[in-house]
Amino acid sequence: MKELRGALIGCGFFAVNQLHGWKDVPGVAIVSLCDRNPERLKLVGEQFGITARYNDAREMLAAERPDFVDIATTVESHRALVELAASLRIPVICQKPFARTLGDAKAMVEACGQAQVPLMVHENFRWQSPILKVKRAIDEGLIGKPFWGRVSFRSAYDVFSGQPYLAEGERFIVEDLGIHALDVARFLLGDAQDVSARIARVNPKIKGEDVATALLNHGNDVASVVDCSYATLLETEPFPETLIEIDGSEGTIRLNRGYELVVTSRKGTRREDVSPALLPWASRPWHNIQESVLLIQRHWADCLRAGREPDTSGRDNLQTLALVEAVYASARTGGTVSVPGLLR
Ligand SMILES: NC(=O)c1ccc[n+]([C@@H]2O[C@H](COP(=O)([O-])OP(=O)(O)OC[C@H]3O[C@@H](n4cnc5c(N)ncnc54)[C@H](O)[C@@H]3O)[C@@H](O)[C@H]2O)c1
């Protein structure tokens, strides 16, 4: 197996998980790093023993000519960096949120498509092993045809200390966290045709909304509720668990607190502990997300080798971003907003 040489741009808070994850993907090595912040570049370079370090992405990609580039910067730099990779014909992974606008996202997909460059969005929530097990339970057919679902993320965890920029944007929870939950709803129940949503800000210290509730019409008499909050103080803090409910014509699936999967059908109830692995480099409560980083990066390496489009490709992510935009539009107007079918 030929080794895949990767380069990573953006050595911030979350990139450390990605670098740990890459070490666990067979046949992949991250050979160079880039960050505009010299302190982060040095710190992360030393932590992972990577000596090829750059403060300019173009310079790094031109000099190193990696087999792929992993963009772990925040959203405002994504379009320029993805288009740079496309112009150099370097396969590219881009962190979520892929773009602030659907227009930017379409331009990136177009640029990579024209250059025939593989493009994956690091949309990792659907790669969480408990969520993969919910999908598997649906596909088994035991609960019949799903007709209702709920994807719920409610917490009072202080995400602002690790990611201070989250307190500063006009938009917060839908763009940052709801985007994952909306993607999971798509993954489990299919694309939504229209959305009705409400958002609110409870925490007065932040600029954007920290509560959102959306009703998704998936068509075919299937509906779901996607709700998220960073203003929900519970007896024990569930961060970062996504709770899932699926009702089907022949039974139900529940992904409960503490990673308990309960599948009930006419044959009875099956209860399973679907706790994610605690990888050697992971730490609670992030281990669930950290495991999903490894799984999505393994998927990327498999797809790149096989010449296959990743499940969470840039093209696929357009539909998730269309949902995000529809949620904000519905919250603004108070009405139901149709979601363009970009993949149909
Ligand atoms: N998928 C997940 O579960 C998950 C979790 C947390 C964060 N994220 C996402 O990861 C991304 C990064 O978040 P973070 O919290 O690590 O941010 P961060 O601000 O800690 O890190 C970003 C780094 O990128 C560098 N940078 C920015 N633009 C650059 C450029 N053009 N060239 C070189 N370096 C550049 C910055 O100097 C900084 O060190 C965000 O989009 C965030 O939404 C995803």
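**What surrounds the ligand**

The shell around the ligand divides into eight nonpolar, eleven polar and five charged residues, with Gly counted as polar. This is a predicted model, where local features need pLDDT of at least 70, side-chain atom pairs count only at pLDDT 80 or more, and totals for chains, interfaces and linings use all residues. Residues are numbered from 1 along each chain as its sequence is written, and side-chain values use heavy atoms, leaving out hydrogens and water.

Me: Which residues come nearest to the ligand?
Reply: F14, D35, K96, N124 and Y165, out of 24 around the ligand; being near takes a heavy atom within 4 Å.

Me: What makes N124 a polar contact of the ligand?
Reply: A polar contact is an N or O pair within 3.5 Å. A polar side-chain atom of N124 is 2.7 Å from a ligand nitrogen, so the pair qualifies. An N or O atom in the side chain of R36 is 3.2 Å from a nitrogen of the ligand, and a polar backbone atom of T73 is 3.4 Å from a ligand oxygen, so these count too. As for cover, the protein buries 87% of the 860 Å² that the ligand exposes alone (Shrake-Rupley, 1.4 Å probe).

Me: Why does the ligand lie between domain 1 and domain 2?
Reply: Because domain 1 (4-117) and domain 2 (128-282 + 320-343) both give residues to its shell.

Me: How many cavities of 30 Å³ or more does the structure hold?
Reply: Two; a cavity is where a 1.4 Å probe fits on a 1 Å grid but cannot get out. The largest cavity has a volume of about 60 Å³, and its lining includes P97, R100, R171, E175 and L321.

Notes:
Polar contact = N/O pair within 3.5 Å; in protein donor to acceptor, adjacent residues only side chain to side chain. Domains from an automatic or database assignment. 1 Å grid on protein atoms, 1.4 Å probe; cavity = no way out; pocket = protein on both sides within 12 Å on 5 of 7 lines; lining within 4 Å. Points joined across faces, edges and corners; volume = space filled by probe spheres on them.
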